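Visitor: Could you walk me through this model, one question at a time? I would like the reasoning along with each answer.

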Amino acid sequence: MGKQKDVLKKLAGTFQIRHVLLCQALAECLGTFILVMFGCGAVAQSVLSRGSHGTFLTVNLAFGFAATLGILVSGQVSGGHLNPAVTFTLCLLGREPWRKFPLFFFFQTLGAFLGAAIVFGMYFDALWDFGQGELVVVGENATAGIFATYPSKHLTLVNGFFDQIIGTAALIVCILAIVDPHNNPIPRGLEAFTVGFVVLVIGLSMGFNSGYAVNPARDLGPRIFTALAGWGGEVFTTNTYWFFVPVCAPFLGVVLGLMVYQLMVGYHLEGEVQVKQKKEEEERFKLSNVTTNGDA
């Protein structure tokens, strides 16, 4: 046992990364990896079994729980953003430095890419069997939608843009309420479960149009993987270059969600706290004067 502990200590010392920002980025990579592996894994199971091993409900439950698990894994190190839209929000609020945004975006996308790769490897034979020897992007035997989001037949580009803006805004409003110290505080340790519940609700109510990406990394990473794995460049060009909608629209949703929450809740709560603190300071000042006069 003693030798084993020594070996483990040496390994820990060898592989430990002391650069804080890089440690946080790696945690984001792992957290997003878990989100995509479990979430897209549920989609793969449902699609490839033609519904016998999964439904719309099970897919949404999987993404909700996957978000929870991803946050639990990475939260203590990086905050568990798992989403460039969340990182962007916190940067806009001044709670995170802007230097984190591009690094987190890259590692979140990398984690999503690796998560898609695991799902692809796990269901490799089933994918080829389902597509009858082909990897199809759109159509009857399409499988690209297992990994990245694609619009339903009825959805236009404009409506899809609106869909992603509203979905992301709803996500950001709820997350801001969860992390706002002045609002009803979530018991410590339950934040991850609450965010997972939010993801579940968004999926159940807003998933029909295009699969509620509301996360540029979760969509872009797997899309890049499918382009390299055999589906080809069509994953970017199909549906009038749909890919830029889940990558760009969420950032507009961030601005909308941030404005809605701050204007309707956040600024008012902060104002009440400031007034309360001012009153407490005045009371302390009065008490100190009374004490001083009594001593005199």
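Visitor: At roughly what angle do the axes of H4 and H7 cross?

Guide: Axes here are lines fitted to C-alpha atoms, for helices over the stretch in contact, and angles run from 0 to 180 degrees between N-to-C directions. The helices themselves are DSSP runs (H or I, at least four residues; strands are E, at least two), numbered from the N terminus. The axes of H4 and H7 come within 11 Å, and their crossing angle is roughly 55 degrees.

Visitor: Which word describes how H4 and H7 lie to each other?

Guide: Angles under 35 degrees count as roughly parallel, over 145 as roughly antiparallel, 65 to 115 as roughly perpendicular and the rest as oblique. With axes that cross at roughly 55 degrees, H4 and H7 are therefore oblique.

Visitor: Is the crossing of H4 and H7 left-handed or right-handed?

Guide: A crossing is left-handed if the near helix is turned anticlockwise from the far one by less than a right angle, and right-handed if clockwise. The crossing of H4 and H7 is right-handed.

Visitor: How many charged residues are in the contact of H4 with H7?

Guide: Contact means heavy atoms within 4.5 Å. H4 brings Ala85, Val86 and Thr89, while H7 brings Thr168, Ile172, Ile175 and Leu176. Ala, Val, Leu, Ile, Met, Phe, Trp, Tyr, Cys and Pro count as nonpolar, Asp, Glu, Lys and Arg as charged, and the others, Gly among them, as polar. The contact of H4 with H7 has five nonpolar and two polar residues, and the number of charged ones is no more than a plain "no charged residues".

Visitor: What should I know about how the model was treated?

Guide: This is a predicted model, with local features needing pLDDT of at least 70 and side-chain atom pairs counting only at pLDDT 80 or more, while totals for chains, interfaces and linings use all residues. Residues are numbered from 1 along each chain as its sequence is written, and side-chain values use heavy atoms, with hydrogens and water left out.

Visitor: Is Thr168 buried or exposed?

Guide: Thr168 lies in helix H7 (residues 157-179). Leaving aside neighbours within four places in sequence, Thr168 is in contact with Ala85, Val214, Pro250, Gly253 and Val254. Buried means under 20% relative accessible area, exposed over 50%, partly exposed in between (1.4 Å probe, protein chains only). Because its relative accessibility is 0%, Thr168 counts as buried.

Visitor: How many helices does the chain have?

Guide: From the N terminus on, the elements run α-α-α-α-α-α-α-α-α-α-α. The secondary structure has zero strands, and the number of helices is 11.

Visitor: What share of the 296 residues of the chain count as buried?

Guide: The C-alpha trace spans about 95 × 60 × 35 Å along its principal axes. Of the 296 residues of the chain, the buried share is 45%.

Visitor: How does H2 run relative to H3, roughly parallel or roughly antiparallel?

Guide: Helix H2 (residues 20-48) and helix H3 (residues 56-78) pack with their axes 8 Å apart, at an angle of about 170 degrees. The contact of H2 with H3 holds 17 nonpolar, eight polar and one charged residue. That angle makes H2 and H3 roughly antiparallel.

Visitor: Which residues of H10 make the contact with H9?

Guide: Helix H9 (residues 216-231) and helix H10 (residues 234-241) pack at about 115 degrees, with axes 9 Å apart. That makes H9 roughly perpendicular to H10. From H9 come Leu220, Arg223, Ile224, Thr226, Ala227 and Trp231, and from H10 come Glu234, Val235 and Phe236.

Visitor: With which residue does Arg223 form a salt bridge?

Guide: A salt bridge is a side-chain nitrogen of Lys or Arg within 4 Å of a carboxyl oxygen of Asp or Glu. The partner lies four residues away in helix H9, about one turn of the helix. Both residues are buried. With the closest N and O atoms 2.7 Å apart, the partner of Arg223 is Asp219.

Visitor: The whole structure has two salt bridges; which residue meets Glu96 in one?

Guide: Glu96 counts as buried, at 15% relative accessibility. The partner is buried too, with a relative accessible area of 9%. The N to O distance is 2.7 Å, and the partner is Lys100.

Visitor: What is the relative accessible area of Trp98?

Guide: Trp98 is found in the loop between helix H4 (84-92) and helix H5 (100-122). Beyond neighbours within four places in sequence, Trp98 is in contact with Phe88, Cys91 and Leu92. Trp98 is partly exposed, and its relative accessible area is 46%.
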